[in-house]
Amino acid sequence: MTSLDPVLDKDGVRLTVEDAVATVTLTNPAKRNAQSPALWRALTEAGRVLPGDVRVVVLRGEGKSFSAGLDRQAFTPEGFDGEPSFLDMARGPEAELDATIAEYQEAFTWWRRNDLVSIATVQGHAIGAGFQLALACDLRIVAEDVQFAMRETSLGLVPDLTGTHPLVNLVGYARALEICATGRFVHAEEAERTGLANLVVPADQLDAAARDLAAALVSAPRDAVVETKALLAGAVSRTYEEQRTAERAAQGRRLRDLAGITD
């Protein structure tokens, strides 16, 4: 995408903004964009410093892989420089461990804000935390060589970076359980067929496809997209009648706004 002065560029994360479209890039291809607490803090910061006129956020990873997941250094006794190792955290008070995991999760939550539409462009490996980061976005465009996998169970862990909820919503409980418990790869054809991917393209067309989709998304009035996203996001937890009521309320707000009526 267009090279711009970064709004943020630290710890393997770069944020650039062009008009209403922001791009968050994972910038450590030598390690297949492996993730660390520092990277998660940078992702959280990227969400906080987004300019208010941004409507679409594109998430991408440099190199052959989107993200190969958590950097295994987290499980060594020494951990990362300046960071407690995961083993040391596990030995601490349970409340502190819970608070630390909640902090890590913040890197994965802001992508679904109602005022944004987020698009993950995914090539190569998207494993564990990488899979969950792609799932954090509203939409996914994937390359033909994509390999999704949830490998936490093979390490004796569970997926804890907010990925389980969208995974079940997209593919259903039974398939989500099978994917997570076996740790197997999900390739492009299955990803598109089951709803994990909105679109499959050759790897060299990922950025172009994201630009086209972003342009289509910003062509509609912002308030209408925001209201529609909120309606759809809440539909799963509402009954049919509750959704009818929510639709009426949202449409009423839109009509009053178009008519210039203020409450």
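The largest pocket of this predicted model encloses about 760 Å³ of space. Its lining comprises 23 residues, and those nearest its centre are Arg112, Asp138, Lys229, Leu232 and Ala233. Two or more lining residues come from each of α3, α4 (129-136), β7 (139-143), α5 (164-171) and α9. Of these elements, α9 provides the largest share of the lining, with 5 residues. Sorted by class, the lining of the largest pocket holds 12 nonpolar, 7 polar and 4 charged residues.

The second largest pocket contains about 620 Å³ of space. Its lining is made up of 26 residues, and Leu70, Phe75, Phe86, Glu152 and Leu157 are the ones that lie nearest its centre. The elements that contribute at least two residues here are α2 (86-91), α3 and α4. The greatest contribution to this lining is that of α2, which gives 4 residues. In terms of class, the second largest pocket is lined by 18 nonpolar, 3 polar and 5 charged residues. Helix α3 thus has a part in both linings, since α3 is listed for the largest pocket and α3 is listed for the second largest pocket.

From the open pockets the description passes to enclosed space. The model has 1 cavity of 30 Å³ or more, and the volume of the largest cavity is about 50 Å³. Arg55, Val56, Asn114, Asp115, Leu116 and Val117 are among the residues that line this cavity, and further along the chain the lining includes Leu217, Val218, Arg222, Val225 and Val226. Helices α8 (206-218) and α9 (222-235) each supply at least two residues of the cavity lining. Helix α9 accounts for the largest share, 3 residues. The classes represented in this lining are 7 nonpolar, 1 polar and 3 charged residues. Helix α9 therefore gives the largest share to the cavity lining, and α9 also gives the largest share to the lining of the largest pocket.

Helix α9 also takes part in a helix packing. It packs with α10 (residues 240-258) at an angle of about 170 degrees, and the two axes lie 10 Å apart. Because an angle over 145 degrees counts as roughly antiparallel, α9 and α10 are placed in that class. On the α9 side, the residues in contact are Asp223, Ala224, Glu227, Leu231, Gly234 and Ala235, and on the α10 side they are Gln243, Ala246, Glu247, Ala250, Arg253, Arg254 and Asp257. This contact has 5 nonpolar, 2 polar and 6 charged residues.

A second packing joins α1 (residues 37-48) to α3 (residues 94-109), with an angle of about 50 degrees and an axis separation of 8 Å. Since this angle falls outside the roughly parallel range of under 35 degrees and the roughly perpendicular range of 65 to 115, α1 and α3 are oblique to each other. Their crossing is left-handed. In α1 the contact involves Pro37, Trp40, Arg41, Leu43, Thr44 and Arg48, which meet Glu103, Tyr104, Glu106, Ala107 and Phe108 of α3. The residues of this contact comprise 6 nonpolar, 1 polar and 4 charged.

Methods:
Residues are numbered from 1 along each chain as its sequence is written. This is a predicted model: local features need pLDDT of at least 70, side-chain atom pairs count only at pLDDT 80 or more; totals for chains, interfaces and linings use all residues. Side-chain values use heavy atoms; hydrogens and water are left out. On a 1 Å grid over the protein atoms alone, a cavity is a set of points where a 1.4 Å probe fits but cannot get out, and a pocket is an open set with protein on both sides within 12 Å along at least five of seven lines; lining residues have an atom within 4 Å of a point. Grid points are joined across faces, edges and corners, and a volume is the space filled by probe spheres set on the points. Ala, Val, Leu, Ile, Met, Phe, Trp, Tyr, Cys and Pro count as nonpolar, Asp, Glu, Lys and Arg as charged, and the others, Gly among them, as polar. Axes are lines fitted to C-alpha atoms, for helices over the stretch in contact, and angles run from 0 to 180 degrees between N-to-C directions. A crossing is left-handed if the near helix is turned anticlockwise from the far one by less than a right angle, and right-handed if clockwise. Contact means heavy atoms within 4.5 Å.
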